[in-house]
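Visitor: I have this model open and would like to go through it with you. Can we start with the overall build and then work inwards?

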Amino acid sequence: MSDVAAKVTKIIVDQLGVNAEDVKPEASFVEDLGADSLDLTELVMAMEEEFDIEIADGDAQKMLKVQDAIDYIKNR
Amino acid sequence: MNFKRVVVSGLSALTPLGNDLKTTWDNLVAGHSGIAPITLFDASAYDSRIAGEVKNFDPEAFMPFKQTKRMDRFSQFAVAGAKMLLENAAYQITPDNAEDVGVIMGVGLGGLHTIEVYHEKLLASGPGKISPFMIPMLISNMAPGQVAIFTGAKGPNIITTTACASALHAIGCAWNEILLGRCVSVITGGVEATITPLGVAGFTALKALSTKNNDHPQKASRPFDKERDGFVIGEGAGLLLLESLESAQARGATIYAEIVGYGASCDAYHMTAPHESGEGMARAMRSALKSAGLQPEAIDHINAHATSTFLNDVTETKAIKQLFGSHAPHIKISATKSMTGHLLGAAGGVESVFSALALHEGIIPGTINLDNPDPDCDLDYVSNGSEHRQCQYAMCNSFGFGGTNASVIFKRWEG
């Protein structure tokens, strides 16, 4: 697992209270990991803080699965 | 209109004396104090460094970890208390009855802890770093809101915020809802969790907190005693299930007591001090008696507001004497805050739980630390330990900043 993927996984585990093994690349935040709209907002804020980046609302809305978030951060 | 009779068919407590009803009651009857040095934050720089904290509370015993993170401590207390309450009452909320079950709770201050955490974050990191959960976590009505989410109760969902009278007003409102036939049952009482830097600093600034007994925490809350010097801040939850008599009987519920009267009044006088005549307090008690159709002589036991502040205790004594006259010395008056500290918005909830249990168990809790009574406090405060006595009617009083007063009357249930 890449460094980014490991950090993203940890954020998701901490924020959503899920098990690390459930945070698979193809897992959907809403459908598989039980996130609601407030969770998603907080998740994006946690990633901004961890990676010291700003994530625009439009970009955040496109992050539906775990891999989307990892790819987005790697490409920044 | 045909008014419904309203009974107490469930109780729960999460208090400085214990994390469940039985432990709390046993410690109360034994005369133990729940007051200890503050551990929730570093209080070394504060004039008052003691509190009635709920100890070793594990929210994850009552809800998933994820939910604990999005709830202020007062809402965690509410959910934990409500779960224990429904279990105690053996009451099931189902799709068939959900709309008839209300949640009406008293909360005095709400999510002070959340406000403090995010204000610090705002100053340190700017407005973009505030969690979307901040507002929903701090608003006071999230306590009953979360209780409804966890239990499925779809009836009226309301808080009363009347400072230290919050919970008793909530119980009065809940009583009305059932009496008028608008709800079959209501989860009611109060919750509070404001042992925080701002909470303690604010009450200290008002000269409301005890500061003389930091080294002897268990001696600090001493209602009616000459040496009392303020209240001790507490936290927790005291909840009751109120239910129509017909519903409780139909399901064979344990009935702890009946609620037969409720009164409320205002001093219309001062922001924080009670009117020295005690007339406003007496009026709430009189109104409760009137709604119950009782003469003052019927009351055997009062769970007094008795905060251990100079003004409250002397004024409440005056109010009781004014209203009850020659019967006043015959009333068993308990100041249970001597053991729990002052749970603020939850106080009337915890003390209503105690009032109902006093009737059900035939035990009047005592008042501890009453070593040298204030000469102006000259009634029977049950200062030699709890007493076995079967009372018929118990009154519970709560008075709050803003000059707001409430009084509820419980009747022993004889089945």
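Visitor: How many helices and strands does chain B have?

Guide: This is a predicted model, and in it chain B has 13 helices and 14 strands. Its radius of gyration is 20 Å, close to the 22 Å that the globule rule gives for 415 residues, so chain B is as compact as a globular protein of that length. Along the principal axes, the C-alpha atoms of chain B fill a box of roughly 65 × 55 × 40 Å.

Visitor: And what percentage of chain B counts as buried?

Guide: Of the 415 residues of chain B, 57% count as buried. As for contacts in chain B with a separation of 6 or more, 80% of them are between residues 24 or more positions apart.

Visitor: Which domains is chain B divided into?

Guide: There is domain 1, covering 7-250, and domain 2, covering 261-412. The C-alpha centres of these two domains of chain B lie 21 Å apart, and 59 residues of domain 1 are in contact with 55 residues of domain 2.

Visitor: Which element gives the largest share of the domain 1 side?

Guide: That is α7(B), which supplies seven residues of the side of domain 1 that touches domain 2. By class, this side of domain 1 of chain B has 30 nonpolar, 21 polar and eight charged residues.

Visitor: Staying with α7(B), at what angle does its axis cross that of α13(B)?

Guide: The axes of α7(B) and helix α13 (residues 347-361) of chain B cross at roughly 65°, and they come within 5 Å. On the α7(B) side the contact is made by B:Ser166, B:Ala167, B:Leu168 and B:Ile171, and on the α13(B) side by B:Ala347, B:Gly348, B:Gly349 and B:Ser352. The residues of this contact divide into four nonpolar, four polar and no charged.

Visitor: Now the interior: how many residues are in the largest nonpolar core?

Guide: The largest nonpolar core has 130 residues, and those with the most contacts inside it are B:Leu11, B:Ala78, B:Leu242, B:Ala356 and B:Val408. Helix α3 (residues 73-89) of chain B gives the largest share of this core, 10 residues.

Visitor: Where does that core lie relative to the two domains?

Guide: Domain 1 and domain 2 of chain B both give residues to this core, so it lies between them.

Visitor: What is B:Val408 in contact with?

Guide: Leaving aside its neighbours within four places in sequence, B:Val408 is in contact with several residues, including B:Leu168 and B:Ile171, both of which also take part in the contact of α7(B) with α13(B). Others in contact with B:Val408 include B:Ser352, B:Tyr262 and B:Cys396. There is also a second, separate core of 15 residues, which includes A:Ala35, A:Val44, A:Met47 and A:Val66.

Visitor: That takes us to chain A, so what is its secondary structure?

Guide: Chain A comes to four helices and zero strands. Its radius of gyration is 11 Å, close to the 11 Å that the globule rule gives for 76 residues, so chain A is as compact as a globular protein of that length. Buried residues make up 24% of the 76 residues in chain A.

Visitor: Last one: how many residues does each chain put into the contact?

Guide: The contact takes six residues from chain A and eight residues from chain B. On the side of chain A that touches chain B, the largest share, four residues, comes from helix α2 (residues 37-51) of chain A. By class, that side of chain A has three nonpolar, two polar and one charged residues.

How values were computed. Residues numbered from 1 in each chain as written. Chains lettered and ligands numbered in written order. Predicted model: local features only at pLDDT ≥ 70, side-chain atom pairs only at ≥ 80, totals over all residues. Contact = placed C-beta atoms within 7 Å. Helix = DSSP H or I, 4+ residues; strand = E, 2+ residues; numbered from the N terminus. Nonpolar A, V, L, I, M, F, W, Y, C, P; charged D, E, K, R; others polar. Core = buried A, V, L, I, M, F, W, Y, C linked by C-beta atoms within 7 Å. Buried ≥ 20, exposed ≤ 12 C-beta atoms within 10 Å, placed from the backbone. Domains from an automatic or database assignment. Rg over C-alpha atoms; globule rule 2.2 N^0.38 Å. Axes fitted to C-alpha atoms, helices over the stretch in contact; angles between N-to-C directions.
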